[in-house]
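Me: I would like a close look at a single part of this protein. Take one residue as the anchor and work outwards from there.

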Amino acid sequence: MSDATLNAVKDHPDDFSVQISDQIESFLVAVAEVAKGDEPDSAVPFLLLEVSQLLLAGGRLGAHEDIVPDERYEPDLGPEPDVDDLRQKLAALLAPIDVYSEVFDPYEPRKAPVACRISDDLADVMADLRHGMAHYRAGRTTEALWWWQFSYFSNWGSTASGALRALQSLVAHVRLNQPLDDLDGLDTDEDLAEEALAEAAGKVMAEEIAGPLGLRTVK
């Protein structure tokens, strides 16, 4: 991003906040709709699109100068919205490709991959974004932007990036007619070594999941 663009963002903070909040609100609504399971045939491509667009908002927050909240202590928002129901619906919708392997920090040498779930990732991202949205709807715009920026660096940015890689890989495997490693059923609480992941993962052909998940194979 050029200096001129960054300056334009700083000169028009209201426009920036509206654009970021609109992108986040779009993601919140879209994922909640997908989780209802009314259109399972388009779930994976739609989630790929929504997570990609959300990370554009995250990139803009990351490129922005540090946002400082108006108050020293964060105002009490009351009970956090429950995302367990959404998590469970996504897990059921995405079976059997919910579990994938991930390396959390690419700059940590020789870290073994761990098993993660797309449903857990999306629910955790939703929780972070809803927290900031509560501030935004209460008129605390700077507080909302601060929270979204801080939690982008500390949690939801890397979490959404992991989910995006998994979704993109799934779509690519199916479109290119390549076999997939079936990680469904792995215990995500275990710290599995790379060899254990490879041994536990079975082979499943892309055609077996392409139809139910709304993906087409390349003829």
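Which residues does Trp-156 touch, not counting residues up to four places away in sequence?

Reply: A caution on the source: this is a predicted model. Trp-156 touches Leu-54, Leu-55, Gly-58, Leu-61, Val-125, Asp-128, Leu-129, Trp-148 and Ser-151, with residues up to four places away in sequence left out of that list.

Start with the core. The largest nonpolar core has 47 residues. Trp-156 is among the four that touch the most other members, together with Phe-27, Leu-129 and Trp-148. Two of those, Leu-129 and Trp-148, also appear in the contact list of Trp-156. The elements that give two or more residues to this core are helix H2 (13–35), helix H3 (43–63), helix H4 (84–94), strand S2 (114–117), H5 and H6. H6 gives the largest share, 13 residues. As background, nonpolar side chains in soluble globular proteins tend to be buried together.

Now the helix H6 itself. H6 covers residues 141–175. It has 35 residues, yet its end C-alpha atoms are only 42 Å apart. A straight helix would reach 51 Å at 1.5 Å a residue. H6 also bends, by about 75° at Tyr-152. After H6 comes Asn-177, with a positive phi near 55°.

H5 makes a useful contrast. H5 spans residues 118–137. Its 20 residues should span 28 Å at 1.5 Å a residue, and its end C-alpha atoms are 28 Å apart, so the two values agree. H5 is followed by Gly-139, whose phi is positive, near 90°.

Next, Trp-148, one of the contacts of Trp-156. Trp-148 is buried, at 0% relative accessible area. Its ring pairs with that of Tyr-136. The pair is tilted, with 6.1 Å centre to centre and 35° between the planes. Tyr-136 lies in H5 and Trp-148 in H6, so the pair ties together parts that are twelve residues apart in sequence. Tyr-136 counts as partly exposed, at 21% relative accessibility. The cut-off for buried is under 20%, so the 21% of Tyr-136 falls on the partly exposed side. A search of the whole structure finds six aromatic pairs. There is also an aromatic cluster, formed by Trp-146, Trp-147 and Phe-150.

Then the polar residues of H6. Asn-155 is in H6. Asn-155 is partly exposed, with 30% relative accessible area. Leaving out residues up to four places away in sequence, Asn-155 touches Asp-124 and Asp-128. Asp-128 is also one of the residues that Trp-156 touches. Asn-155 and Asp-121 are 34 residues apart in sequence, and their C-alpha atoms are 10.0 Å apart. Ser-158 is in H6 too. Ser-158 is partly exposed, at 44%. From Ser-158 to Asp-105 the C-alpha distance is 8.8 Å, across 53 residues of sequence.

Further out, two more aspartates can be placed against residues far along the chain. Asp-84 lies in H4 and is partly exposed, at 38% relative accessibility. The C-alpha atoms of Asp-84 and Ala-123 are 7.5 Å apart, with their positions 39 residues apart in sequence. Asp-76 lies in the loop between H3 and H4. Asp-76 is exposed, with a relative accessible area of 71%. Asp-76 and His-135 are 59 residues apart in sequence and 9.6 Å apart, C-alpha to C-alpha. In the loop between H4 and strand S1 (99–102) sits Pro-96. The peptide bond from Ala-95 to Pro-96 is cis, with omega near 5°.

Finally, the whole protein. There are eight helices and four strands. Their order along the sequence is α-α-α-α-β-β-α-α-β-α-β-α. Of the 219 residues, 40% count as buried. Among contacts between residues at least 6 apart in sequence, 76% join residues at least 24 apart. The exposed area is about 12000 Å², and carbon and sulfur atoms supply 51% of it.

Back to the anchor. Trp-156 is among the residues that touch the most other members of the largest nonpolar core, and its contacts include Leu-129, Trp-148 and Asp-128.

Definitions and conventions. Residues numbered from 1 in each chain as written. Predicted model: local features only at pLDDT ≥ 70, side-chain atom pairs only at ≥ 80, totals over all residues. Heavy atoms only, no water. Phe/Tyr/Trp six-rings, centres within 6.5 Å; stacked < 30°, edge-to-face > 60°. Buried < 20%, exposed > 50% of the residue type's maximum accessible area, 1.4 Å probe, protein only. Expected span 1.5 Å × (residues − 1). Bend = angle between axes of the 7 residues up to and from the residue. Core = buried A, V, L, I, M, F, W, Y, C linked by side-chain atoms within 4.5 Å. Contact = heavy atoms within 4.5 Å. Areas by Shrake-Rupley, 256 points an atom, 1.4 Å probe, with all protein chains shown as cover.
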